[in-house]
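Colleague: Got a minute to walk me through this model? I'd like to ask a few questions and hear how you get to each answer.

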Amino acid sequence: MKVLLINGSPHEHGCTYTALHEAEMKLNQRGIETELLYLGTAPMAGCTGCGSCEKTGRCVFDDEVNRVLDKLDGYDGMIVGSPVYYGSANGHLCAFLDRLFYAGGNRMAGKFAASVVSCRRGGATAAFQRLNMYFGMKNMPVVSSQYWNQVHGYKAEDVLKDEEGLQTVRTMAENMAWLIQSAAAGREAGVPAPVYEPVVVTNFIR
């Protein structure tokens, strides 16, 4: 059982990392293996709508997106972390997620998901909602907590003082560990996975 944690901040060990690390420690305590991915600061291409991934299952831009896709089936859960920029998630991270979720397609289904956001003062809930949109389109159960997963501070040491924020993140990780282990027990007991209808796509002028 394994969870991928994605650090979408340009600061490798800043506020976002501090929140993700809190979740990571709780998951490890519950016996869940973790992998922390730092996206770095190199330019991240956005999706160009070329459609290549629909044929190959991989993105035409060969970067971290494809490396995650190569290991995607080995993850039971995903936690995405981002700083708040102008009331939204980091554009660098969103470019990565746009391509990952489009190329990953139905392989995302059934993986437990959560987002964590970090801000100095405001905009956290809007960024939190932005990230959760990805999960809601791919049949990924979204793991909740006692509050929305947000931490506050300008520097990592500030976040360490946000007792409620860090507790909220730990509670989310506790819930994720329990859900992953419960799903594994269900599979062992013969509980079948959901069977989905063929997707119907319409638009507003039809």
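What follows is a short chat about the fold, the cavity and one residue of this predicted model.

Colleague: Let's start with the fold. What pattern does the protein chain follow, read along the sequence?

Modeller: Keep in mind that this is a predicted model. The protein chain has seven helices and six strands. Put in order along the sequence, they give the pattern β-α-β-α-α-β-β-α-β-α-β-α-α.

Colleague: And what is the radius of gyration of the protein chain, next to what the globule rule gives?

Modeller: The C-alpha trace spans about 50 × 45 × 35 Å along its principal axes. For 206 residues the globule rule gives 17 Å, and the chain comes close to that, so it is as compact as a globular protein of that length. The radius of gyration is 17 Å.

Colleague: What share of the contacts with a separation of 6 or more joins residues 24 or more positions apart?

Modeller: Contact here means heavy atoms within 4.5 Å. Take the contacts in the protein chain with a separation of 6 or more, then pick out those between residues 24 or more positions apart. Their share is 76%.

Colleague: How much of the chain is buried, and how much of the exposed area comes from carbon and sulfur atoms?

Modeller: Buried means under 20% relative accessible area, and 46% of the 206 residues count as such. The protein chain exposes about 11200 Å². The part of that area supplied by carbon and sulfur atoms is 53%.

Colleague: Now the inside. Which element gives the most to the lining of the largest cavity?

Modeller: Counting cavities of 30 Å³ or more gives one, and the space in it is about 100 Å³. Its lining has 14 residues, with C47, C50, C53, C59 and Y102 nearest the centre. Two elements give two or more residues to that lining, α2 (52-56) and α4 (91-104). The one that gives the most, with three residues, is α4.

Colleague: How many of the lining residues are nonpolar, polar and charged?

Modeller: Cys and Tyr both count as nonpolar in this scheme. Sorted by class, the lining of the largest cavity comes out as eight nonpolar, four polar and two charged residues.

Colleague: Last one: is K161 buried or exposed?

Modeller: K161 sits in the loop between α6 (156-159) and α7 (163-188). From L20 it is 141 residues away in sequence and 15 Å away in space, C-alpha to C-alpha. The cut-off for exposed is over 50% relative accessible area. Because its relative accessibility is 66%, K161 counts as exposed.

Conventions. Residues are numbered from 1 along each chain as its sequence is written. This is a predicted model: local features need pLDDT of at least 70, side-chain atom pairs count only at pLDDT 80 or more; totals for chains, interfaces and linings use all residues. Side-chain values use heavy atoms; hydrogens and water are left out. On a 1 Å grid over the protein atoms alone, a cavity is a set of points where a 1.4 Å probe fits but cannot get out, and a pocket is an open set with protein on both sides within 12 Å along at least five of seven lines; lining residues have an atom within 4 Å of a point. Grid points are joined across faces, edges and corners, and a volume is the space filled by probe spheres set on the points. Helices (H or I, at least four residues) and strands (E, at least two) are DSSP runs, numbered from the N terminus. Buried means under 20% relative accessible area, exposed over 50%, partly exposed in between (1.4 Å probe, protein chains only). The radius of gyration is taken over C-alpha atoms; the globule rule is 2.2 Å times the number of residues to the power 0.38. Accessible areas come from the Shrake-Rupley method with a 1.4 Å probe; for residues, only the protein chains shown count as cover.
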